[in-house]
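Student: I should like to take a close look at a single part of this protein and then see how that part sits within the whole. Please give one connected account.

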Amino acid sequence: MGGDEDVVVHVTGTLVTGYDVATGKKLWDVEDRSGDFRTCAVSPTAVGHVVAVLMRRGDQGPCGFLVAVDVRRGKQLWSKGILGEGSGAGMGTATVRVTANSVVSGTQTAPVVLDARSGDVRWTGADQPDEDGEAHSLRGLEVAGNSLVASYGDGLGGSTALRRFDLRSGRVTARPSPPKAPETPTPKDVLSVLSVEPLVVSLGDDTNADRFYFSRVGDAWKPLRTDAVEGVSARSGPQEGMVTDGLFVKAFTTDDRSLDVGFDTVVAAFDLESGALRWQHALHRDAGRVVLLPGTVGGAVRAVASDHDTGDQLYAFPLEDGGPVRGGRLTVDASLSGAPSGLNDLTGAVVQGERLIVRSQVDGTLVAFPFPSKA
């Protein structure tokens, strides 16, 4: 899901739907009536009342078709194919971003920037060749302000290059060398860009949950001390983490023999200047998992934590010390359809002001939950 201040947008199948944030009432539908296209499992983003959606032709095609919708009027603004026929695939991690006046996505080998209102292509990045002159594959990208940072890979799927572009002109402004993992990288180690300003990346094999994290300090990479996370066999959780206020905040899974189910979640924050562990907090909950929600409210990171016995519950982690504030469980009035059945249903949740908004998997009802306060 995505949205702006007043409208939350949900994307599924061939349908893009807008709901009123205050009431949950459905406002509009935009649908591909040809039946040729399906929305990709990529969260849409909205800025300035424009939401952009990546689509594919059929069920198996690459995510190479962009649609922009005016969320206030519920009208399609434009549609544009960004992959030519026979392109094979798009970027390694399909991404769409919307800035104040641009929609950003990518082909198999280069980022593409379009005008948010007209869909006109402003620029397509030049291919980045390898030693044999073959174009590197585009792995992923992130955008902030007037900068776009893209990561590239070789034919084996590993990451080999980083490029920073001027978002307005498409000019390459920096070519930072990728960081090196403390251990010998495998051919499939993939570099993911998590933040542009400051520049934060992760590096690791896609088949392994354990990844290494780095921040760019001046002209050097600073490794984040994830090895300082306490717990038996601490390892990366399924979510990459988030960058906010000079910190990288992430949930880690740890074996905990004191719990009946045997594993717990530790939420930890790292200083991006030094790489040091700033704080960590173990939830001590059976089968605990955490989904960190984007943005901060009242100086705290908001999250939803699961528990084997009690289900999902809202949390707030104040950035200065990480001591959690526990909120209410994700349960609703019996007259409504019910809360999501598990954390997997929260991957498409959105944060709108002081509320977490999710869509019931049972009947499509939109449900809003208030966050716990910081104090």
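Which residue in β3 is the bridge partner of H10?

Tutor: The partner of H10 is T17, which lies in β3. The model is a predicted one, and the values that follow are computed from it.

The bridge between H10 and T17 belongs to the pairing of two strands. Strand β2 covers residues 7-12, and strand β3 covers residues 15-20. The two strands run antiparallel and are joined by six bridges. Together they make a hairpin, with two residues between the strands. In the turn, G13 has a positive phi of about 55°. As for its surroundings, β2 is largely enclosed by the rest of the structure, because five of its six residues are buried.

The hairpin belongs to a protein with 33 strands and zero helices. Of the 375 residues, 51% count as buried. The exposed surface amounts to about 17100 Å², and carbon and sulfur atoms supply 46% of that area. Among contacts between residues at least 6 apart in sequence, 41% join residues at least 24 apart.

A second strand offers a further view of burial. Strand β28 spans residues 300-305 and contains A303. The relative accessible area of A303 is 1%, so this residue counts as buried, the cut-off being under 20%. The C-alpha atom of A303 is separated by 4.4 Å from that of L292, a residue 11 places away along the chain. Leaving aside residues up to four places away in sequence, A303 touches V290, V291, L292, L293, Q313, L314, Y315 and F317.

Two of these contacts, Y315 and F317, lead to the aromatic rings. The protein has six aromatic pairs. One of them is formed by Y315 and F317, whose ring centres are 5.9 Å apart with 15° between the planes. This pair is stacked, because planes under 30 degrees apart count as such. Both Y315 and F317 are buried, as is A303, which touches them.

Elsewhere, Y213, F248, F252 and F270 form one aromatic cluster. Within that cluster, F252 also has a charged neighbour: K250 lies over the face of its ring, at 5.7 Å from the ring centre.

To return to the part requested, H10 of β2 is bridged to T17 of β3, within an antiparallel pairing of six bridges.

Key
Residues are numbered from 1 along each chain as its sequence is written. This is a predicted model: local features need pLDDT of at least 70, side-chain atom pairs count only at pLDDT 80 or more; totals for chains, interfaces and linings use all residues. Side-chain values use heavy atoms; hydrogens and water are left out. Rings of Phe, Tyr and Trp (its six-membered ring) pair if their centres lie within 6.5 Å; planes under 30 degrees apart count as stacked, over 60 as edge-to-face and the rest as tilted. Buried means under 20% relative accessible area, exposed over 50%, partly exposed in between (1.4 Å probe, protein chains only). A charge sits over a ring if NZ of Lys or CZ of Arg is within 6 Å of the ring centre and within 35 degrees of the ring normal. Helices (H or I, at least four residues) and strands (E, at least two) are DSSP runs, numbered from the N terminus. Contact means heavy atoms within 4.5 Å. Two strands pair if DSSP finds at least two bridges between them. Accessible areas come from the Shrake-Rupley method with a 1.4 Å probe; for residues, only the protein chains shown count as cover.
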